[in-house]
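Please look through the structure shown here with two themes in mind, namely the pairing of charged side chains and the packing of nonpolar ones.

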Amino acid sequence: MPIPESSRQGTMDFRGWQSWFRVTGDLDATIAAGRAPLVVLHGGPGVPHDYTLRIAGVAERGRAVIHYDQLGCGNSDNPKDTSMWSLPRYVEEVEQVRQALKLDNTNFYLLGHSWGGILAAEYAFKYQQNLKGLIISNMMMSCPAYGKYAAEVLAKQMKPEVLAEIRQIEARKDFQNPRYMALLEPNFYAQHLCRIVPNPEPVTRSLGKINQSLYVTMQGPSEFGISGKLTTWDRTADLPKLTVPVLSIGGKYDTMDPEHMRMIASKVQHGNALICSKGSHMSMYDDQQTYFTGLIKFLKSVDEGTLKPGATL
């Protein structure tokens, strides 16, 4: 699926700061045709939108797609104030985007990938009355469970000597050591982050522009679990409160537990699951056919009122 050119770019105000956005496709025509637009939340935290532009290809099916850079990322303002790196504030930023684009529960799908999945879920818990549908892509709803999966499942798939050296570097908190990335890239990232090596250009571009201050503040410096502000985040018990249609996407080789992603779809009131059999954390790249076939099928079913809760797409 190609990445189409944007039809519109601009900025919107958030408490005096400017958030950059782009629209792919015709927003007004999408709404007029009864196909709600899709707003995409990038991951990280601190990784700009570039890698999620693969999802802009959905616009080729006649559905406008909106991307924006969260504050501190990419083309948006960077306040350089770690007190602003908080989940509740980012939720209000999503709401500001919705209001600026004049979207509501008749025309507002929200897709969050990775950290964006946490943000999308948290937005839905507060503002689901504004949503037509929610897509949680490649993100578990419990950071402690994510940390446990990384430590007890993914780490044990690595060669013992490789894992031992990674653990030694982490114990010394020597995360800037080039050896750390030299070990992670072939032994972890190429297996579980993106299985296309070398990575697609948009992925490389995004990772090259990461806001490390934001990432470390929220996620922590380690790639095995979370030690920042999100350490104890866990919304698993609250999933039955979500009444909007929800699609939970995972990958067989994901950094996230695919069985947890299945569980999400079973716990919400109107959920579908999509597990990409060839996919990793970047399933929109390394299992494109499964990812986009399932995503488009879900959106179409909600538009047409034919969603079958409990289905695996």
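The paragraphs below take up the salt bridges and then the nonpolar cores of this model, which is a predicted one.

Side chains of opposite charge can pair when their charged atoms come close. Across the whole structure, a search finds 15 salt bridges, and a few of these pairs serve to show the settings in which they occur. In helix H2, which spans residues 87-101, Glu95 and Arg98 stand three residues apart, and they are therefore separated by about one helical turn. Their side chains meet in a salt bridge with an N to O distance of 2.8 Å, and both Glu95 and Arg98 are buried.

A pair with another kind of setting is formed by Glu122 and Arg235, whose closest N and O atoms are 2.6 Å apart in a salt bridge. Glu122 belongs to helix H3 (residues 115-127), whereas Arg235 sits in the loop between helix H8 (212-218) and strand S7 (245-251), so that this pair ties together parts that are 113 residues apart in sequence. With a relative accessible area of 14%, Glu122 falls under the 20% limit and therefore counts as buried.

Helix H9, covering residues 258-267, holds Glu259 and Arg262, which are three residues apart and so separated by about one helical turn. The side chains of Glu259 and Arg262 meet in a salt bridge at 3.2 Å, N to O. Glu259 is partly exposed, with a relative accessibility of 49%, and Arg262, at 34%, is likewise partly exposed. Elsewhere, Asp50, Glu201, Arg205 and Lys209 are joined into one network by salt bridges that share partners.

From charged pairs the description turns to nonpolar packing. In soluble globular proteins, nonpolar side chains tend to be buried together. In this model, the largest nonpolar core has 55 residues, and within that core Leu110 and Leu134 are the residues with the most contacts. Helix H3 gives the most to this core, contributing nine residues; H3 is also the helix in which Glu122 lies.

Which residues does Leu110 touch, not counting those up to four places away in sequence? The list consists of Val39, Leu41, Val94, Ala120, Tyr123, Leu131, Gly133, Leu134 and Ile135, so that Leu134, itself one of the two residues with the most contacts inside the core, is among the residues that Leu110 touches. Separate from this core is a second one of 28 residues, which includes Ile55, Cys276, Met282 and Leu299.

Technical notes: Residues numbered from 1 in each chain as written. Predicted model: local features only at pLDDT ≥ 70, side-chain atom pairs only at ≥ 80, totals over all residues. Heavy atoms only, no water. Salt bridge = Lys/Arg side-chain N within 4 Å of Asp/Glu carboxyl O. Helix = DSSP H or I, 4+ residues; strand = E, 2+ residues; numbered from the N terminus. Buried < 20%, exposed > 50% of the residue type's maximum accessible area, 1.4 Å probe, protein only. Core = buried A, V, L, I, M, F, W, Y, C linked by side-chain atoms within 4.5 Å. Contact = heavy atoms within 4.5 Å.
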